[in-house]
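Here is a friendly walk through a structure, from its confidence scores to a handful of side chains. Keep the 3D view open as you read.

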Amino acid sequence: MAGSAALKGAVEALDLLLGRGVVAGTDAGPLQATKHADLLESLRCNMAVLEEKLAQEPQWDELRRHRGQIIKQAQWFVPCSDVPWSFTSQILLLLLCLKECMALLAATYQPPPLNPKTAEAAPPLSPDTLSIAQEKTVQAALQFVVMLGLCPYLLPGVGLPLRCRTEFSALVQVVASPSCLPGATRKLYTTCTILLQISWHPTLGSLLLARHLGDLLAGLCQLGFCPARRKGEQAKSQKELMGLAEEERSGCREALRGLLDRVYQPLAVQELLLLQGGSKQAPQPQGPRSGGSESEPGLAPAPAWLRRLCGQLLSERLGRPGGVQAVVRGILEGAGAGPAGGSAAEAAASDWQKCDAVARILSSCPQQSLSPEDYFRQLCPQLLQLLLIQDKLAARQFQRVATTTILAVAWQHPQLAEKYLLRPMLEPLLRYSDMAEVSLEGLPAGTELMKEEELSSCVENVFKVYVVGNEPSAVLLDSLQMALGVLFSLWCFTKQNVSYLRTPCQAILLWFLEKSKGETALSTLEGLSGLRGATPSLHPLCQFQAASEGGVRITVRAAVSDEEEALYQKVSSEQWQLEQLVVLVAQCQHSSLAGDFFNRCLKELTPLAGQGASPVESSLRSCQGSADLEQCCGQHNEQQERQLRVLQLVALLCSSVTDTLFTSIVQVVEFVAATLQRACAGLVCSSETTVESQTLSMAMGLVAVLLGGAVQLQSADFATLKQLVPLLEEVSRVYPEPVIQELAADLRIAICTHGAFAAEVVQSAAQSVSDSARKSGPAGKARDGVSPDPAEDSQDEVPQPRVSTDSNSTADGGSATVKGHLTGKPVAGPCSSSQDLQELLLSAYDPDIPARAATLRTLSHLIEQRDPAALAVQKKLLEVFVENLEHEDSFVYLSAIQGVALLSDTFPEQVLPSLLDQYGSPQPATRRVQTVETRMKVGEALMRTTRALGDMVFPHRDDLIHAFLRGARDPDSTLRASSLSNLGELCQILHFQLSAVVHEVASCLTAVAKTDPEAEVRRAAIHVVVLLLRGLSEKATEVLQDVLLDLYRLLKSVVLSEQDEVTVLHAQLALEELDGIMRDFLFPRQTFEKKIVVLP
């Protein structure tokens, strides 16, 4: 009780000394109303009243005793005539008494045991806890101490002047001027020392440092670091000038650094910046004096020693753990981005200029650092940590600062940036590449090598720095190129699964290809495709694996004992990567990379055309031993593998990037040159084929189009075309066909004369290509907005160049007219006579693949144009198309599928039953059994027919569903998976109106998901469930009400017992959809509607 009475008495004494109800800086109270002499008199009166109360009040005996003990120990407390200092001394004594009383109460306090019956009740407060009114009194006392005992003794430019704070503080500055006060430095030292003692108390320290940290730092800086001789002064002894011994100054320096270490670091950074930036601040008085005269003086410039000191202290803050984040927070929170957020925080989040200014500060090596390398060694790891901040509001600012700083360091210090920033950032991608030295032989299959969080963070950081920063430099591109192979493999993996890493990976790859120089980008594409060089990829013993949160993790690959299975996995993986590489190249819309890469692949075909007969036998005969034989076979296999990749890339580029492949005349000329070189090489080895002859014809036809006026050619374009002159001369000399020879000679003359001379052959070829392009433009397109297959275009098609032209003529070769004109071979064209139609039907069985495919496309065109003769023999046409489905060449059977789809659009009642009969694999007694491949092609034809019919397919709904359900029970697993995939797409086309067959569908899906031995089939079944739930959405509870519980149990069973991770992932997605559906059903959204009812 005695301690509580002393605490209460100390607060009451402070209240009495300050004047009741008075808080410094407000507009009420007697102290605010006094001026100059009246203020001094008021301070004297308050001190006299306090002494009288201390002498007379018995309840203040404990306070009087504590105060007397402190006075005996305090050598600084000396009575003097200086009223402001005497007043400050009284407040300091009372604050020390309060601190001691609170410490005694906290030391002797023992909390009572908790009552289990009222465990939820708040625990009792400690007796040293201050009330709100008491805290206000203490805050007012601390403000008086700072204004009367600290700020008046600061040098000009050190800290914020009193005149810029409040009217009362300006009045205090006039009353307590340091020039008229003796021993100012000693008094400042006393005030700072006692405030430091108070700051160690938890409660009083928080009240002090929350508002007066900057003033306390200013005082300690002046006491510890102010030079003994300032500019313009004569040399004096340090004792005479400062009034402090060297030990005391050293103690102030240690206290300053200790105080900075234990306060909230962003706040310390803010205060140091304020101390350092006094010289650059405009004269903007704050508080009630803001409406004063414009002639008032502004802030005094900060002394040079203080600016250097603050810079050194800020550098020390920066080098501490978490120092970069503290500096960034300290600067940005001053702009309104404080922890509370709000509108000010949102405004600061968009203030990119402030973030860029912080980045410039961080990227500049301070003078106090030993070397730039030492500075960036400490800075760079903290910069990378800024990229990982998850707070949505703060992340935008910190990531902007980190990205801009990294880019600035990469520009100014590329070697240090690569060593301390880019390599650590890309290290997770390179850790398990095939170029890394890692030992994985002893690890069991499935061991997790890299967690999902680490790999995801790495990819996201690379995306933020490279793509979002978007400032390509040599060091950035070179560093990223090393990790591009692993990144490409990761992207290909995400294309087969559901992962949020797909988009950032694709953006990074596209950014590199678009920002790199042409030769670098082409070399990278060749490395990724395996044509040249070795791009580091994932280690052969490692594999990507889908993670639980939608990311990807790296695990140890299971060894495959079956050589055929291992070869199949390798070939399928390479095939998938080549397809995705072409997709990636096709998305580089703003560069000529696709055309350049296509031409590069075509040039790789020239040696292949010039090989003639295989040189394997001669090389094998020259081998002397088994080692030489093995080496020769290995080299030959590698060469063949490379040639197959080139051919595959050319085919994929022709089918995927046709319309946007060539973007300039230069690329077209390179394409024609590569074609001419390949033709000449083939003639040397006598290996020229029909396809190559047609390709040569189309290439020369393309040149004829360019010279015929389709494109406005300039002088530079003719200079480019002159590269073809030697090749055309050689073709005209060695090619066996006279038509080609004549056209090559005339083209050479036209190029040399810049188009002034154009023979009739050139003009005829150009006109034929132009007319064919206009006629075949809309042909072959599927109806109802369905795009045609890539195989529907000609195999010899030349991609259309995107160059400036005044006509619709294109280089879209592959027309039958041009081929007939140049090669002299008749090719069937659209006609309606029965004789011509019979010839077309016979040509549909031609053993020549291009002729057969061209015939099928012609028949499809006749059906699309509603040719009467073709529609009259629709049964025969259907038979032709269905029989061609069995052909193994994709160019033929895809054309047949397109024809079936167009025919079913015209005669759905006759075509659909026939297709369903073919898909159902009838008994051998009635018709021969279809192969699995043929039935899958028929299934594709059925789906195209269904898409073309749209809502008109409802009369055939049950037959289609039953056909696919029967297919789901087929012995072949591939057909089962295909049938389930078709079933899911059919449900989407039917808008999930399953009605009576919903039980059959659910039963089939349940049985397949639980009992099918193949993982691909189970995946397809669960995927159909996902499509059902996602498509029905809120209607699922109505349409699937009888089977919804069975589907839920199925999904839970799959999640718990399924071994295939992809199937489990699909099941989890389905459960999420079902969870959302049931939440919306059980807890519908509340909507407020106003209904107006008109009474009769």
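A charge sits over a ring if NZ of Lys or CZ of Arg is within 6 Å of the ring centre and within 35 degrees of the ring normal. With that in mind, turn to Arg262, which lies over the face of Trp200 at 3.9 Å from the ring centre. A second case involves Arg253, whose charged end sits over the ring of Phe225, 5.9 Å from the centre of that ring.

**Confidence**

Please remember that this is a predicted model. The protein chain has an average pLDDT of 75, and 77% of the residues score at least 70. Two stretches deserve some caution. Residues 21-34 have a pLDDT below 50, and this stretch makes 25 contacts in the model beyond near neighbours in sequence. Residues 922-929 also have a pLDDT below 50, with eight contacts in the model beyond near neighbours in sequence.

**Aromatic pairs**

How many aromatic pairs does the structure hold? There are six aromatic pairs. In one of them, the rings of Phe493 and Phe544 have centres 6.0 Å apart and planes at 40°, so this pair is tilted. It links distant parts of the chain, since Phe493 belongs to helix α22 (residues 484-495) and Phe544 to strand β2 (residues 542-546), 51 residues apart. Phe493 and Phe544 are both buried.

**Four buried residues**

The table gathers four residues with their places and relative accessibilities.

| Residue | Place | Relative accessibility |
|---|---|---|
| Gln90 | helix α5 (residues 83-108) | 7% |
| Arg600 | helix α26 (residues 593-609) | 17% |
| Gln580 | helix α25 (residues 563-586) | 5% |
| Gly469 | loop between α20 (452-468) and α21 (474-482) | 19% |

Why does Gly469 count as buried? Its relative accessible area is 19%, and buried means under 20%, so Gly469 falls within the cut-off. Setting aside neighbours within four places in sequence, Gly469 is in contact with Thr403, Leu407 and Lys464. The C-alpha atoms of Gly469 and Thr404 are 6.9 Å apart in space, although the two residues are 65 apart in sequence.

Gln90 counts as buried because its relative accessibility is 7%. Not counting residues up to four places away in sequence, Gln90 touches Leu17, Met47, Leu50, Glu51, Arg67 and Phe77. Between Gln90 and Met47, the C-alpha separation is 7.8 Å, with their positions 43 residues apart along the chain.

For Gln580, a relative accessible area of 5% makes the residue buried. Leaving out residues up to four places away in sequence, Gln580 touches Phe488, Trp491, Cys492 and Lys495.

Arg600 is buried as well, at 17% relative accessibility. Which residues does Arg600 touch, not counting those up to four places away in sequence? They are Glu519, Leu522, Glu526 and Arg532.

**A helix pair**

Two packed helices are described by the angle between their axes and the distance between the axes. Helix α45 (residues 998-1011) and helix α46 (residues 1015-1032) pack at an angle of about 140°, and their axes are 8 Å apart. Is the crossing of α45 and α46 left-handed or right-handed? This crossing is left-handed. On the α45 side, Leu1005, Val1008 and Ala1009 take part in the contact. In α46 they meet Val1017, Arg1018, Ala1021, Ile1022, Val1024, Val1025 and Leu1028.

Conventions. Residues are numbered from 1 along each chain as its sequence is written. This is a predicted model: local features need pLDDT of at least 70, side-chain atom pairs count only at pLDDT 80 or more; totals for chains, interfaces and linings use all residues. Side-chain values use heavy atoms; hydrogens and water are left out. Helices (H or I, at least four residues) and strands (E, at least two) are DSSP runs, numbered from the N terminus. Buried means under 20% relative accessible area, exposed over 50%, partly exposed in between (1.4 Å probe, protein chains only). Contact means heavy atoms within 4.5 Å. Rings of Phe, Tyr and Trp (its six-membered ring) pair if their centres lie within 6.5 Å; planes under 30 degrees apart count as stacked, over 60 as edge-to-face and the rest as tilted. pLDDT is the predictor's confidence in each residue, from 0 to 100. Axes are lines fitted to C-alpha atoms, for helices over the stretch in contact, and angles run from 0 to 180 degrees between N-to-C directions. A crossing is left-handed if the near helix is turned anticlockwise from the far one by less than a right angle, and right-handed if clockwise.
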